[in-house]
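Got your viewer open? Load the model, switch to cartoon, and keep the selection box handy for the stops below.

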Amino acid sequence: GFCHREITMLDLEISRRRLLLGGACLMAASLLPETAMASRTAPARMLRFYNPNTGERASACYWERGGYVADGLNEFNWLFRDYRADDAQISIDARLFDQLFELQRKLGVQNEIHVVCGYRSAQTNARLRRNNRGVAKQSLHVQGQAVDIRIPGVELSRIRNAGLSLNRGGVGYYPRSNFVHIDTGPTRHW
């Protein structure tokens, strides 16, 4: 009945907003010379994510005309939320999105990035730590500064090597779990 119609209208508004944001981002990007697109200060930065845990997707322009785009960041913050802890959410460090954008440039792809794990509440981190010795006590996931990813069609070792070549933040390689960890902490790798 009525609730179903409200949800549907909300979904349409979100889809419309994503379409408009993405279209504006693509239009701005298409007008730029190729050298400007390759530079770090490109006027438009867009990323596409898929969360295999929730089945949700987000595609948005998150940086444009020299600054971050709040609507784009909000889309990503929601997708990176801790779905295990009643959808707990914080503002993800925007530098993490910059690293992922640069990572894709290094790889020469614009594929959808699969977010295996983004933000984790302290409670979720403690629970995971009890069951897995590989979970750090002071994890940057809890601070919104880390993400575990994979990119379909790109070998994990290539993702790791591209992350290392950025020479900033942390890069963890987990081939058995099929993901690479990227964070905005001190430069290090494991």
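What covers the buried residues of α6? Among the elements doing so are α4, β5, β6 and β7. Bear in mind as you look that this is a predicted model.

**Stop 1: helix α6**

Select α6, residues 156–166, and show side chains. The buried residues here are L156, I159, A162, G163 and L166. Now turn the view until you look down the axis of α6: its buried residues fall within an arc of 125°, so they line one face of the helix. Keep the helix selected and bring up the strands: α6 lies across β5, β6, β7 and β8, and its direction makes an angle of about 165° with β6. Just after the helix, click on N167, where phi is positive, near 55°.

**Stop 2: the sheet**

Next, hide the helices and colour by strand. You should find an open sheet of 8 strands with mixed pairing. Walk across in the order β3-β2-β1-β4-β5-β7-β6-β8. At the edges are β3 (67–68) and β8 (188–189), each with a single partner strand, so one side of each has no neighbour in the sheet.

Zoom in on β1 (44–51) and β2 (56–64). These two strands are antiparallel to each other, paired over 8 bridges. To get your bearings, pick L47 and look at what stands opposite: A60 in β2.

Now bring α4 (94–107) back. α4 lies across β1, β2, β3, β4, β5 and β7, and the angle between α4 and β1 is about 95°.

**Stop 3: the nonpolar core**

Which residues have the most contacts inside the largest nonpolar core? Select L47, F49, F80, F97, L100 and I159 and you have them. The core itself holds 33 residues. Two or more residues come from each of β1, β2, α3, α4, β4, β5, α6 and β7, with α4 giving the largest share, 7 residues.

Centre on F49 and show what surrounds this side chain. Beyond its close sequence neighbours (up to four places away), F49 touches E56, R57, A58, F76, L79, F80, F97, L100, E112, I113 and V115. Leave E112 and R57 on screen, since both are in that list and the next stop starts with them.

**Stop 4: salt bridges**

Side chains of opposite charge can pair when their charged atoms come close. How many salt bridges does the model have? The count is 8, and here are some to click through.

- E112 and R57: the closest N and O atoms are 2.9 Å apart. This pair links distant parts of the chain, with E112 in the loop between α4 and β4 and R57 in strand β2, 55 residues apart. E112 is buried at 14% relative accessible area, while R57 is partly exposed at 46%.
- R168 and E102: look for a closest N–O distance of 2.8 Å. R168 sits in the loop between α6 and β6 (170–174), E102 in helix α4, 66 residues apart. Here R168 is partly exposed, at 25%, and E102 is buried, at 14%. 
- E56, R81 and D87: select the three together, as salt bridges with shared partners join them into one network.
- D93 and R95: the closest N and O atoms are 2.6 Å apart. D93 counts as buried at 16%, and R95 as partly exposed at 41%.

**Stop 5: two buried loop residues**

Stay with D93 and R95 and add Q145, which touches both. Q145 lies in the loop between α5 (122–131) and β5. Is Q145 buried or exposed? With a relative accessible area of 19%, against a cut-off of under 20%, Q145 counts as buried. Further contacts of Q145 include L96, L140, I182, D183 and T184. Try a distance label too: the C-alpha atoms of Q145 and G185 are 7.2 Å apart, though 40 residues separate the two along the chain.

Finally, jump to S121, in the loop between β4 and α5. S121 is buried, with a relative accessible area of just 4%. Leaving out neighbours within four places in sequence, show D82, A85 and V142 to see what S121 is in contact with.

Conventions
Residues are numbered from 1 along each chain as its sequence is written. This is a predicted model: local features need pLDDT of at least 70, side-chain atom pairs count only at pLDDT 80 or more; totals for chains, interfaces and linings use all residues. Side-chain values use heavy atoms; hydrogens and water are left out. A nonpolar core is a set of buried Ala, Val, Leu, Ile, Met, Phe, Trp, Tyr and Cys residues joined through side-chain atoms within 4.5 Å. Buried means under 20% relative accessible area, exposed over 50%, partly exposed in between (1.4 Å probe, protein chains only). Helices (H or I, at least four residues) and strands (E, at least two) are DSSP runs, numbered from the N terminus. Contact means heavy atoms within 4.5 Å. A salt bridge is a side-chain nitrogen of Lys or Arg within 4 Å of a carboxyl oxygen of Asp or Glu. The arc is that of the directions from the helix axis to the C-beta atoms. Two strands pair if DSSP finds at least two bridges between them. Axes are lines fitted to C-alpha atoms, for helices over the stretch in contact, and angles run from 0 to 180 degrees between N-to-C directions.
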